[in-house]
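User: Please go through this model with me, one question at a time.

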Amino acid sequence: QLQLVESGGGSVQPGGSLRLSCAAASGFSLEGYTIGWFRQPPGSEREGVSCSGSRGGSVTYLDSVKGRFTISRDNAKNTVYLQMNDLTPEDTGVYYCAVDLVLTGRCGEPLRIYEYGYWGQGTQVTVSS
């Protein structure tokens, strides 16, 4: 079955940047799937951050990251990226990617976390001075 692997997390100072990657590890093509990025701050619930609809059909962003984060795809590398710029301590958390199982081909606003599955293992992002 489909397996996702997140990478690219780390520790940065406020104002820094990171690029997260979400790759399929089981031979499935991500081009045909709507992929969401989520994050879970310590002690808090998971929230939707960004979404890329299948075949580039739509993109969405959490209001607090608009203008700072960019979701993109490199279909040749079978990877979905989340470029994160101007990071703040409020961006700290474990970041996950997952597949929208409803298969509409487009992103909901806001992201409907209960529709997603095949969660990756997560990658830690820490923003601190």
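User: In the hairpin that β7 and β8 form, which residue in the turn has a positive phi?

Analyst: This is a predicted model, in which local features need pLDDT of at least 70, side-chain atom pairs count only at pLDDT 80 or more, and totals for chains, interfaces and linings use all residues. Residues are numbered from 1 along each chain as its sequence is written, and side-chain values use heavy atoms, with hydrogens and water left out. β7 and β8 (strands are DSSP runs of E, at least two residues, numbered from the N terminus) run antiparallel and are joined by six bridges, pairing being defined as at least two DSSP bridges between two strands. Four residues lie between them, and the one in the turn with a positive phi, of about 55°, is N78.

User: Which residues of strand β1 point to one face and are buried?

Analyst: In a regular strand the side chains alternate between the two faces of the sheet. Along β1 (residues 4-7), V5 and S7 point to one face and are not buried (buried means under 20% relative accessible area, with a 1.4 Å probe and protein chains only), whereas the buried residues, on the other face, are L4 and E6.

User: Which element gives the most to the largest nonpolar core?

Analyst: A nonpolar core is a set of buried Ala, Val, Leu, Ile, Met, Phe, Trp, Tyr and Cys residues joined through side-chain atoms within 4.5 Å, and the largest here has 23 residues, with W37 and F69 among those having the most contacts inside it. Elements giving two or more residues include β4 (35-40) and β9 (93-100), but the one giving the most, with four residues, is β3.

Terms used
Buried means under 20% relative accessible area, exposed over 50%, partly exposed in between (1.4 Å probe, protein chains only).
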